[in-house]
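Please open the model in your viewer and keep the sequence panel visible. The tour below proceeds by selection, with a short account of what is found at each stop.

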Amino acid sequence: MLKFRFLFDLFKLTPDRRPVIPVTLVALLIQLICFFLVLVSVNLIHRTLNVPIYPLYFVIALSCAASLAACILRLDWWWCVIEALFPWLVCLATSLQLNPQLYLILFLLLFAICGATLFSRVPYYPSPERAVEMLAQQLSPEKSLAVLDVGSGFGGVLFGLAEKFPRFRYAGIELALFPFIVSWCRAKLRRETNVRIHFGNYEEIDLAAFDVVYAYLSPVVMSDLWGKVQQEMLPGTIFISYEFVVHGRKPDFAIQCGYEEIYLYGWKM
């Protein structure tokens, strides 16, 4: 049975044992702190100078303050954009006067799909069909292989390969709840006896049981995953990554997928 260490994943530790706060939590704290500071500043200006403060001014100030704080903290540029747009989106949502239950439903749905990013630091990246085709070309149909998809999502890679190589054994590991449920149900409805979907973090699964490990995750976690690959995968097995490389180790093969400058990288153990 897989174990889940959400609290450990929430606050990762650097090599010198210092906690690293997830960027999503940092972005939320920026909004809350800037909201408080702007609110205090606006009230102070209103009382001392007797200047009328309109809601539009408050939103503009909050938007500028939050985006500036994100830049000062050196967050990625898209977080600066998100911080700037968030107050405006809240105002828009308020002006629509929709049923509050709708927001709750949307939040739960989005959290079920993307909420695992808070723990895994990996956003939802579905593998395109061309990646499945390129991956299939690297597998030998003469052998009976055990294939693992790390971050299997809705199971597109697993079910695509199962149609091409029905003799193989497949497993997927997925931390996002909604994609896991969908892929698990797909496996049951399709009666794929050679496909198993697990709910959890890849850190809790033994890579030594697989001949091929495929991943399409994020540059942030590639070094951690590569360390686990080196420790557990057996000689003669293959680790394959779509788009993201392992720094410090040249891949044994790199196959361009389509016309874009995106490659399928492979390392032989």
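Is F35 buried, partly exposed or exposed? F35 is partly exposed, with a relative accessible area of 40%; here buried means under 20% relative accessible area, exposed over 50%, and partly exposed in between (1.4 Å probe, protein chains only).

Before the next selection, please note the conventions. This is a predicted model, in which local features need pLDDT of at least 70 and side-chain atom pairs count only at pLDDT 80 or more, whereas totals for chains, interfaces and linings use all residues. Residues are numbered from 1 along each chain as its sequence is written, and side-chain values use heavy atoms, with hydrogens and water left out.

**Stop 1: aromatic pairs**

A search of the whole structure yields 14 aromatic pairs. Rings of Phe, Tyr and Trp (its six-membered ring) pair if their centres lie within 6.5 Å; planes under 30 degrees apart count as stacked, over 60 as edge-to-face and the rest as tilted. Select F35 together with F58: this aromatic pair is edge-to-face, at 5.5 Å centre to centre with 85° between the planes. The pair links distant parts of the chain, since F35 belongs to helix α2 (residues 23-49) and F58 to helix α3 (residues 55-72), 23 residues apart. Helices (H or I, at least four residues) and strands (E, at least two) are DSSP runs, numbered from the N terminus. F58 counts as buried because its relative accessibility is 16%.

Next, select F154 and F178. Their rings also form an edge-to-face pair, with 6.0 Å centre to centre and 80° between the planes. This pair too links distant parts of the chain: F154 is in the loop between β3 (146-150) and α8 (156-164), F178 is in helix α9 (residues 177-189), and the two are 24 residues apart. F154 counts as partly exposed at 23% relative accessibility, and F178 is partly exposed with a relative accessible area of 31%.

To end this stop, select W226, F239, Y263, Y265 and W267, which ring pairs link into a cluster.

**Stop 2: strand β4 and its neighbours**

Select strand β4 (residues 169-174). Of its 6 residues, 5 are buried, so the strand is largely enclosed by the rest of the structure.

Add β3 to the selection. β3 and β4 pair in the parallel sense over 5 bridges; two strands pair if DSSP finds at least two bridges between them. To locate one contact, pick A146, whose bridge partner in β4 is R169. With α8 shown as well, β3, α8 and β4 make a right-handed β-α-β unit. A crossover is right-handed if, with the strands pointing away from the viewer, the path from the first strand over the helix to the second runs clockwise.

Now add strand β5 (residues 195-199), which pairs with β4 in the parallel sense over 5 bridges. Two residues of interest here are A171, whose bridge partner in β5 is R196, and I173, whose bridge partner in β5 is H198. Together, β4, α9 and β5 make a right-handed β-α-β unit.

Within helix α9, select I181. I181 counts as partly exposed at 39% relative accessibility. I181 and H198 are 17 residues apart in sequence and 9.7 Å apart in space, C-alpha to C-alpha.

**Stop 3: two residues with positive phi**

Move to R191, in the loop between α9 and β5. Its phi is near 55°, a positive value in a residue other than glycine. Most residues other than glycine have a negative phi. R191 counts as exposed, at 73% relative accessibility.

Then select E243, in the loop between β7 (238-242) and β8 (253-256). Phi of E243 is near 80°, again positive in a residue other than glycine. E243 is partly exposed, with a relative accessible area of 31%.

**Stop 4: a nonpolar surface patch**

Finally, select W77, W78, V81, I82, L85, L89, L92, L96, L98, L102, Y103 and L106, which form a nonpolar patch on the surface with about 1,100 Å² of accessible area together. Patches are made of residues with over 30% relative accessible area and no salt bridge (a side-chain nitrogen of Lys or Arg within 4 Å of a carboxyl oxygen of Asp or Glu); like charges are joined within 9 Å, and nonpolar side chains (Val, Leu, Ile, Met, Phe, Trp, Tyr) within 5 Å. Accessible areas come from the Shrake-Rupley method with a 1.4 Å probe, and for residues only the protein chains shown count as cover.

The elements that give two or more residues to the patch are α4 (77-96) and α5 (100-114). The largest share, 8 residues, comes from α4. L92 is found in helix α4 and counts as partly exposed at 47% relative accessibility.
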